[in-house]
Amino acid sequence: MNGLKRTLFIGVSLWLTACATKPSTTAVWQSPPVVFPAKMSVAERIAHIAQREHAAWYGSFIDTQGRLRHYRMAEGEAKRLQDGSMAWERVIAYWRDSGSLALLPWHHRSRQCLHIQKPSHIQTCRLFTLDAAWSAAFVSYVMVQAQVPQFHVSPRHFDYIRAAWQQQGAYRLHNPAHTPLNTGDMLCYLRGQTPIRSYPALLDYLQQQDAWLPAHCDIVVATQPQEIWLIGGNVFNTVALRKLPLDAQGHLILPPTDNAACTVHHEAACNMNRQNWVAVLKLAV
């Protein structure tokens, strides 16, 4: 080996050794600073942030018949969103920048995602975005970014459903069957095999039980004469807009919540808006 080749070989070997052994700080997407016009209402700020995030995820949406009409990107992908950020990094930002990540004592590995300091943390955090449901972190992120006063940040939707029932914080609990929705409000359903299928049953549960229930909430971003638009996170592993129809009085026309299963032989049950909608959270600030 001549002198030049030997020098190059030693230099490359030292560089590879340094990369393998020296921890490095890995850049992860950071939420941009937000400055709102002085006269912008809280509800408008909420809608602005939710719509910004929806646009970044390429605008997936569900129509009023409950059909997924457009879908582009899932949470764990290393592909770039509309504004150049990585999909998985965006989800980590929802957790981190809302403050809800620090409220997950049961998931110790997630703490690495607060400060990603070496490349090995990236795989851990990408797996975390797949393992942990992030819809409540998304709502909390929107509320923090929108500077909503007294919002009950939580990694669980049911925590701010309960806070609204207790008349604490930024929202108040109402019956979706009788409550017109406005921008900034939230519409929530209970997930899983819970026997609670109505607003009165939810009230009974809140009065008698302290335990939480699996839930999901979408944020109202716009109202039209015959439909309402809502945005939620972790809806089919993305940020998606959902359209729901309204009657002539402006009340929701909710799909039936019977137990019929969606199958190739029963397409009428294949409605992605067909959820156990039991709660409206009205913005009270």
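**Exercise 1. The two faces of strand 4**

Task: State which residues of strand 4 lie on each face, and whether these faces are covered or open.

Solution. Step 1: Met186, Cys188 and Leu190 point to one side of strand 4, and Leu187 and Tyr189 point to the other. In a regular strand the side chains alternate between the two faces of the sheet. Step 2: each of these residues is buried, and both faces are therefore covered; buried means under 20% relative accessible area, exposed means over 50%, and partly exposed lies in between (1.4 Å probe, protein chains only). Step 3: strand 4 spans residues 186–190, and 5 of its 5 residues are buried, so the rest of the structure largely encloses it. Strands (E, at least two residues) and helices (H or I, at least four) are DSSP runs, numbered from the N terminus.

The model is predicted: local features need pLDDT of at least 70 and side-chain atom pairs count only at pLDDT 80 or more, while totals for chains, interfaces and linings use all residues. Residues are numbered from 1 along each chain as its sequence is written, and side-chain values use heavy atoms, with hydrogens and water left out.

**Exercise 2. The partners of strand 4**

Task: Find how many bridges join strand 4 to strand 5 and how many join strand 4 to strand 8.

Solution. Step 1: strand 4 and strand 5 (residues 215–223) run antiparallel and are joined by 5 bridges. Cys188 has Cys217 of strand 5 as its bridge partner. Step 2: strand 4 and strand 8 also run antiparallel, with 5 bridges between them. Here Leu187 stands opposite Val280 of strand 8. Two strands pair if DSSP finds at least two bridges between them. Strands of a sheet pair through backbone hydrogen bonds, either parallel or antiparallel.

**Exercise 3. The whole sheet**

Task: Give the order of the strands in the sheet, and explain why one side of strand 2 and of strand 3 is left without a neighbour.

Solution. Step 1: the open sheet has 8 strands in the order 2-1-7-6-5-4-8-3, with mixed pairing. Step 2: strand 2 (68–70) and strand 3 (171–174) stand at the edges and have a single partner strand each, so one side of each lacks a neighbour in the sheet. Step 3: from one strand to the next, the twist averages 30 degrees; axes are lines fitted to C-alpha atoms, for helices over the stretch in contact, and angles run from 0 to 180 degrees between N-to-C directions. Step 4: strand 3 pairs with strand 8 (residues 276–283) in the antiparallel sense over 4 bridges. Arg172 stands opposite Lys282 of strand 8.

**Exercise 4. The two sides of helix 7**

Task: Decide which residues of helix 7 are buried, and which on the other side are exposed.

Solution. Step 1: helix 7 covers residues 199–208, and its Tyr199, Leu202, Tyr205 and Leu206 are buried. They span an arc of only 115 degrees around the axis, which puts them on the same side of helix 7; the arc is that of the directions from the helix axis to the C-beta atoms. Step 2: Gln207 and Gln208, on the other side of helix 7, are exposed. Step 3: the buried residues of helix 7 pack against helix 6 (157–165), strand 3 and strand 8. Contact means heavy atoms within 4.5 Å.

**Exercise 5. Salt bridges**

Task: Count the salt bridges, and name the residues linked in a network.

Solution. Step 1: the count comes to 11 salt bridges, where a salt bridge is a side-chain nitrogen of Lys or Arg within 4 Å of a carboxyl oxygen of Asp or Glu. Step 2: the network links Arg52, Glu53, Asp83 and Arg90. In the salt bridge of Glu53 with Arg52 the closest N and O atoms are 2.8 Å apart, and Glu53 is buried at 0% relative accessibility. Step 3: Arg67 and Asp63 form a salt bridge at 2.8 Å, N to O. Arg67 is partly exposed at 40%, whereas Asp63 is buried at 8%. Step 4: Lys79 forms a salt bridge with Glu77, with 3.6 Å between the closest N and O atoms. Lys79 is exposed at 53%, and Glu77 is partly exposed at 24%.

**Exercise 6. The surroundings of Arg96**

Task: Is Arg96 buried or exposed?

Solution. Step 1: Arg96 lies in helix 3 (residues 87–98). Step 2: its relative accessible area is 14%, so Arg96 is buried. Step 3: apart from neighbours within four places in sequence, Arg96 is in contact with Val28, Trp29, Gln30, Ser31, Leu101, Cys113 and Leu114.
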